[in-house]
Amino acid sequence: MVESVLKIDIINPDSGMTRQELSRRVALLKRCARADTELTMECPRENNICVDSLLDVALDAPEIIKMAQRAEKNGFDAVGLYCFSDPGIAACRECLSIPVIGGGQAAILTAACLGNRFSILTTSQRRISQKREFVRGSGVDYTRLASVRSVGLPVERAGRDPDETIRRLTAAAAQCVEQDGADVVILGC
């Protein structure tokens, strides 16, 4: 029996990432994949968008759709979206015959398997209602959402000061568990 390699093209909607950063993220993902899985990651180049709003999702989606179509044409077995907002996922699924896996959807479904209630951490207050609506459309019982909390750190600043980022995430996650009753906390961006 001949086993074939599973080829997955991962689209990271945040443009402008270096090849080194994309390779680092692929290396992390490969730790969870079978040895015979081929992972590649690319990001849009036409826009200079760091997805942190519904407008960003809408503006990034056309290029993401083109990238997903190219992946299918190039023989990939699946496309993964490396973004909690899953930009363009419905349109990609509509026009491709290969699976399209959204990072946000996958995170919510996994959280629902790991605990009774889950919370989502997001970048800013203005994203809270968007994330609530995202959960409503995920297929998971909305009553399982314990909370959505902001860490007050725009996505373009996250990681510049790793200590500050970890401190904010840890404090908000503790509130989700202690105050909101979450069993699982999702990093929503």
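The numbered points below comment on the helices, ring contacts, cysteines and selected residues of this predicted model.

1. Helix α6, residues 162–178, has the length one would want from a regular helix: its 17 residues should span 24 Å at 1.5 Å a residue, and its end C-alpha atoms are 24 Å apart, which agrees. The buried residues of this helix are E164, T165, A172, A173 and C176. Seen down the axis of α6, these buried residues fall within an arc of 155°, so they line one face of the helix. On the other side of α6 one finds D163, I166, R167 and E178, which are exposed.

2. As to what the buried face of α6 meets, its buried residues pack against three strands, namely β5 (118–122), β6 (145–150) and β7 (184–187). C176, one of the buried residues of α6, has a relative accessible area of 0%.

3. Helix α1, residues 19–30, can be read in the same manner. It has twelve residues and reaches 16 Å from its first C-alpha to its last, close to the 16 Å expected at 1.5 Å a residue. Within α1, the residues L22, R25 and V26 are buried. They cover an arc of only 100° around the axis, which puts them on the same side of α1. The general background is that an α-helix has 3.6 residues a turn, so residues three or four places apart point the same way. Strand β2 is included in what covers the buried residues of α1.

4. Strand β2 itself covers residues 37–42, and T37 is found in it. At 13% relative accessibility, T37 counts as buried, given that the cut-off for burial is under 20%. Leaving aside neighbours within four places in sequence, T37 is in contact with V5, L6 and I8.

5. In helix α5 the buried residues are I128, Q130, K131 and V135, a set that a reader should note includes a lysine and a glutamine. Seen down the axis of α5, the buried residues fall within an arc of 160°, so they line one face of the helix. What covers them includes two helices, α2 (54–73) and α4 (103–114), together with the strands β5 and β6. Strands β5 and β6 are also among the elements against which the buried residues of α6 pack.

6. How many aromatic pairs does a search of the whole structure find? The search finds one. The pair is formed by F84 and F134, and its geometry is tilted, with 5.4 Å from centre to centre and 45° between the planes. F84 lies in the loop between β3 and α3, whereas F134 lies in helix α5 (residues 128–136), so the pair ties together parts that are 50 residues apart in sequence. F84 is buried, with a relative accessible area of 7%.

7. The loop that carries F84 also holds D86, placed between β3 (78–81) and α3 (89–95). D86 deserves a look at its backbone, having a positive phi of about 50° although it is not a glycine. D86 is also buried, with a relative accessible area of 4%.

8. Two contacts between a charge and a ring may be checked by eye. The charged end of K7 sits over the ring of F76, at 4.9 Å from its centre, and the charged end of R136 sits over the ring of Y142, at 3.9 Å from its centre.

9. On the cysteines, the count comes to zero disulfides. For C32 the reason can be followed in the distances: its sulfur is 16 Å from the closest cysteine sulfur, in C113, too far for a bond, since a disulfide needs the two sulfur atoms within 2.5 Å. C32 is exposed, with a relative accessible area of 72%, whereas C176 is buried at 0%.

10. Finally, V100 is placed in strand β4 (residues 100–102), and at 4% relative accessibility it counts as buried. Not counting residues up to four places away in sequence, V100 touches V79, L81, I89, C92 and R93. V100 and A90, which are ten residues apart in sequence, lie 8.9 Å apart in space, C-alpha to C-alpha.

How values were computed. Residues numbered from 1 in each chain as written. Predicted model: local features only at pLDDT ≥ 70, side-chain atom pairs only at ≥ 80, totals over all residues. Heavy atoms only, no water. Helix = DSSP H or I, 4+ residues; strand = E, 2+ residues; numbered from the N terminus. Buried < 20%, exposed > 50% of the residue type's maximum accessible area, 1.4 Å probe, protein only. Expected span 1.5 Å × (residues − 1). Arc of directions from axis to C-beta. Contact = heavy atoms within 4.5 Å. Phe/Tyr/Trp six-rings, centres within 6.5 Å; stacked < 30°, edge-to-face > 60°. Lys NZ or Arg CZ within 6 Å of the ring centre and 35° of its normal.
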